[in-house]
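Student: I am new to this structure and would like a close look at a single part of it, with enough of the surroundings to see where that part belongs. Please take your time and give me one connected account.

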Amino acid sequence: ARATRDILVANSTGATAVPAADARVDNDTADSRDGDFPAMAVAVDSVYLTWQDVSTLNNGGSDVMFSRSTDAGVTFSAERSIDDPLSEVSSSFSPHLAVDPRTAVATDDVVALVWEDRREGTQAYASVSSNGGSTFAGAKLVSSVNGEPATGETSLPQIALAGSGTMVVAYQNRLTAGASRVYVASSIDNGVSWTNSHALADTGGGQALAPRVVPIVLAGKRGGLTVWSDFRSGTKVNGDIYTVTSTAP
């Protein structure tokens, strides 16, 4: 048995075919890191994979890792750190990713990652590749108020790509001793810049938790549909499902 949790994949050639032998994607040969919460997206034969990687060593840090396959998951590239690839500047958790295939070739796939980042409190950060995961731009702050890091604890960010450079991120944010609320932020330039201030998605005032977001096109405008568990009715036990749409200008 392994001393730590690892990231493995298995490939099947059809819906009824037995998967081939599993293969390890992470490179933790020393068994000193825990790989958790893998998220995957597929565009034709390209498979994009991210996960949370937490060192079990003292002061080892936590990173957002990435690997890709260009042969439908038969083989994967060497793992890469996305949140702070040059030096350990942040502990990062709970990554999510989405893909905009753009054309039939994989070299122009837009791959966007978002995660919980601790370099400026607890924020949502994102990094985007415009060449199918070959390279990624530097990490950008997503959760902001007037361009500054948002107050409170931001967690569980989710991202959707609506095409033509439009991206929407949903996440929950909790102020000290307050309820968690759901916010959204967006980009219209493939993640080069993000909205100056996040927008409150729920209006109930109670706990709003575990958001998810999918891309939409509404009245010709691109954006996202965000859904979450909402406890505005007053009970702390039975939540309801609420949604909101948001579109770029």
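Tutor: A word on charges comes before anything else: Lys and Arg count as positive and Asp and Glu as negative, while His and the chain ends are not counted, and the place of a charge is taken as NZ of Lys, CZ of Arg, CG of Asp or CD of Glu. By that reckoning the protein chain carries 17 positive and 27 negative charges, whose mean positions lie 6 Å apart. The model is a predicted one, in which local features need pLDDT of at least 70 and side-chain atom pairs count only at pLDDT 80 or more, while totals for chains, interfaces and linings use all residues. Residues are numbered from 1 along each chain as its sequence is written, and side-chain values use heavy atoms, with hydrogens and water left out.

The whole chain gives the setting for the part we will examine. The protein chain has 19 strands and zero helices, where strands (E, at least two residues) and helices (H or I, at least four) are DSSP runs numbered from the N terminus. Its radius of gyration is 18 Å, which agrees with the value near 18 Å that a compact globule of 249 residues would have; the radius is taken over C-alpha atoms, and the globule rule is 2.2 Å times the number of residues to the power 0.38. The C-alpha trace spans about 50 × 45 × 40 Å along its principal axes. Of the 249 residues, 47% count as buried, a word that here means under 20% relative accessible area, with exposed meaning over 50% and partly exposed lying in between (1.4 Å probe, protein chains only). Contact means heavy atoms within 4.5 Å, and among the contacts between residues at least 6 apart in sequence, 45% join residues at least 24 apart.

The part I have chosen is strand S15, which covers residues 180-187 and has eight of its eight residues buried. Its residues point two ways: Ser-180, Val-182, Val-184 and Ser-186 face one way, Arg-181, Tyr-183, Ala-185 and Ser-187 face the other, and all are buried.

We can now turn to the neighbours of S15, remembering that strands of a sheet pair through backbone hydrogen bonds, either parallel or antiparallel; two strands are said to pair if DSSP finds at least two bridges between them. On one hand there is strand S14 (residues 166-174), which runs antiparallel to S15 and is joined to S15 by eight bridges. Two of these partnerships can be followed by eye: Met-167 has Ser-187 as its bridge partner in S15, and Asn-173 has Arg-181. The two strands form a hairpin with five residues between them, and in that turn Ala-177 has a positive phi of about 65°. On the other hand there is strand S16 (residues 199-200), which is antiparallel to S15 and joined to S15 by two bridges, with Tyr-183 having Leu-200 as its bridge partner in S16.

If we follow S14 away from S15, we find that S14 too is mostly covered, with eight of its nine residues buried. Strand S13 (residues 153-163) pairs with S14 in the antiparallel sense over eight bridges, and within that pairing Ala-160 stands opposite Val-168 in S14. S13 and S14 also make a hairpin, in this case with two residues between the strands, where Ser-164 takes a positive phi near 55°.

For contrast, consider another sheet of the chain, an open one of four strands in the order S7-S8-S9-S10 with antiparallel pairing. Strand S7 (92-100) and strand S10 (140-141) stand at its edges, each with a single partner strand, so one side of each is left without a neighbour in the sheet. S7 nevertheless has nine of its nine residues buried, so it is largely enclosed by the rest of the structure. Seven bridges join S7 to strand S8 (residues 110-117) in the antiparallel sense, and Leu-97 has Leu-113 as its bridge partner in S8, while Ser-92 stands opposite Asp-117. At the other edge, Leu-141 belongs to S10, and its C-alpha atom is separated by 13 Å from that of Ala-170, 29 residues away along the chain. Leaving aside neighbours within four places in sequence, the contacts of Leu-141 include Tyr-125, Pro-149 and Trp-194.
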